[in-house]
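Work through the exercises below with the structure open. Try each task before reading its solution.

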Amino acid sequence: MRAVSTGRLSITSYVVLGMIGLRGPSTPYDLKRGIGRSVGYFWPFPHAQLYAEPERLERMNLLAVESEDGGRRRKVYTLTGAGRRVLREWLASPTNVHFQMRDVAELKLFFSELGDPADVARLAREQIGQHEQRIAEYQQMQDRFGKIPAVAKRMVTLRLGLEMEHAALRFWRSLADDPLAADRASAGAQGNSGQAFLATPPTKP
């Protein structure tokens, strides 16, 4: 029996292990397609990693691989016993990482006082359209897959996604109705000395 490597595992590692655990034997292309239709909505990462990471996990004895004899000679990966144990340990471990959100629109809104005031209203309209489109997409997924027993448990993350999209939509709609609200909120924060969330100007010598 091969020894399990003690190499470092990343979130990508656990995503690969988890997807193969759910889907069964998978090629890197299967992983790319499966992730694009599921966790890729809330945990995107470069698809190139889905070709390199399975090979690394196979060298660590967390995945087993078989290559096709003919045709495209694709590599098909499966979970090993060690891989399943590592995955279960990760699922049971404490999750003390705070929620992360990388939103370019929020960055632009933070720095909006440096631009044209009309930019805020335009940004809000753009975001309304994007969030409405994503809500419609999520709702279609809910309607299509929500009652299929084999995947129903995985749909719980879609509920959170819908809640977040509706919250964002309410925010951007309110800002579109009153673009100056951003200026008033900024002025109020400065008046209340909210230094933890402000970019404090440099002190003059």
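## Warm-up: a buried acid

At 10% relative accessibility, E53 counts as buried, because the cut-off for buried is under 20%. Keep in mind that the model is predicted.

## Exercise 1: the partner of E53

Task: Find which residue forms a salt bridge with E53, and state where both lie.

Solution.
- Step 1. Look for the charged partner. Side chains of opposite charge can pair when their charged atoms come close.
- Step 2. The partner is R56, and the closest N and O atoms are 2.9 Å apart.
- Step 3. Place the pair. Both E53 and R56 sit in helix α3, with their positions 3 residues apart, about one turn of the helix.
- Step 4. Link spacing to direction. An α-helix has 3.6 residues a turn, so residues three or four places apart point the same way.
- Step 5. Check the cover. R56 has a relative accessibility of 24% and therefore counts as partly exposed, whereas E53 is buried at 10%.

## Exercise 2: the fold in outline

Task: State how many helices and strands the chain has, and in what pattern they follow.

Solution.
- Step 1. The secondary structure comes to 9 helices and 2 strands.
- Step 2. Along the sequence the pattern reads α-α-α-β-β-α-α-α-α-α-α.
- Step 3. Turn to burial. Of the 205 residues in the chain, 27% are buried.
- Step 4. Turn to contacts. Take those between residues at least 6 apart in sequence: 58% of them join residues at least 24 apart.
- Step 5. Turn to the surface. The chain exposes about 14700 Å², and carbon and sulfur atoms supply 56% of that area.

## Exercise 3: two sides of α4

Task: Test the length of helix α4, then sort its buried and exposed residues by side.

Solution.
- Step 1. Helix α4 covers residues 81–92, which is 12 residues. The expected span is 1.5 Å times one less than that number of residues.
- Step 2. The expected span is therefore 16 Å, and the end C-alpha atoms are 17 Å apart, which agrees.
- Step 3. List the buried set: A82, G83, V86 and L87.
- Step 4. They cover an arc of only 135° around the axis, so they lie on the same side of α4.
- Step 5. List the exposed set on the other side: R85, R88, E89, L91 and A92.
- Step 6. Ask what covers the buried residues. The cover includes α1 (11–23) and β2 (75–79).

## Exercise 4: salt bridges of α6

Task: Among the 6 salt bridges of the structure, compare the one between D119 and R122 with the one between R173 and E132.

Solution.
- Step 1. D119 and R122 meet at 2.2 Å, N to O.
- Step 2. Both belong to helix α6 (residues 118–145), 3 residues apart, about one turn of the helix.
- Step 3. Both ends are partly exposed: D119 has a relative accessible area of 32%, and R122 stands at 38%.
- Step 4. R173 and E132 meet at 2.8 Å, N to O.
- Step 5. R173 lies in helix α8 (residues 156–177) and E132 in helix α6, so this pair ties together parts 41 residues apart in sequence.
- Step 6. R173 is partly exposed at 39%, and E132 is partly exposed at 35%.

## Exercise 5: A176 and its contacts

Task: Locate A176 and name what it touches, leaving out residues up to four places away in sequence.

Solution.
- Step 1. A176 is in helix α8.
- Step 2. With that exclusion, A176 touches A124 and I128.
- Step 3. Use a backbone distance as a second check. The C-alpha atoms of A176 and R125 are 6.4 Å apart, while the two residues are 51 residues apart along the chain.
- Step 4. A176 counts as partly exposed, at 28% relative accessibility.

## Exercise 6: a surface patch and an unusual phi

Task: Name the residues of the nonpolar surface patch, then say what sets the phi of N61 apart.

Solution.
- Step 1. The patch holds I11, F42, W43, W90 and L91, with about 500 Å² of accessible area together.
- Step 2. W43 is in the loop between α2 (28–36) and α3 (49–59). At 36% relative accessibility W43 counts as partly exposed.
- Step 3. Now the backbone. Most residues other than glycine have a negative phi.
- Step 4. N61 has a positive phi, near 70°, and is not a glycine.
- Step 5. N61 lies in the loop between α3 and β1 (63–67). N61 is buried, with a relative accessible area of 12%.

Terms used: Residues are numbered from 1 along each chain as its sequence is written. This is a predicted model: local features need pLDDT of at least 70, side-chain atom pairs count only at pLDDT 80 or more; totals for chains, interfaces and linings use all residues. Side-chain values use heavy atoms; hydrogens and water are left out. Buried means under 20% relative accessible area, exposed over 50%, partly exposed in between (1.4 Å probe, protein chains only). The arc is that of the directions from the helix axis to the C-beta atoms. Contact means heavy atoms within 4.5 Å. Patches are made of residues with over 30% relative accessible area and no salt bridge: like charges are joined within 9 Å, nonpolar side chains (Val, Leu, Ile, Met, Phe, Trp, Tyr) within 5 Å. Accessible areas come from the Shrake-Rupley method with a 1.4 Å probe; for residues, only the protein chains shown count as cover. A salt bridge is a side-chain nitrogen of Lys or Arg within 4 Å of a carboxyl oxygen of Asp or Glu.
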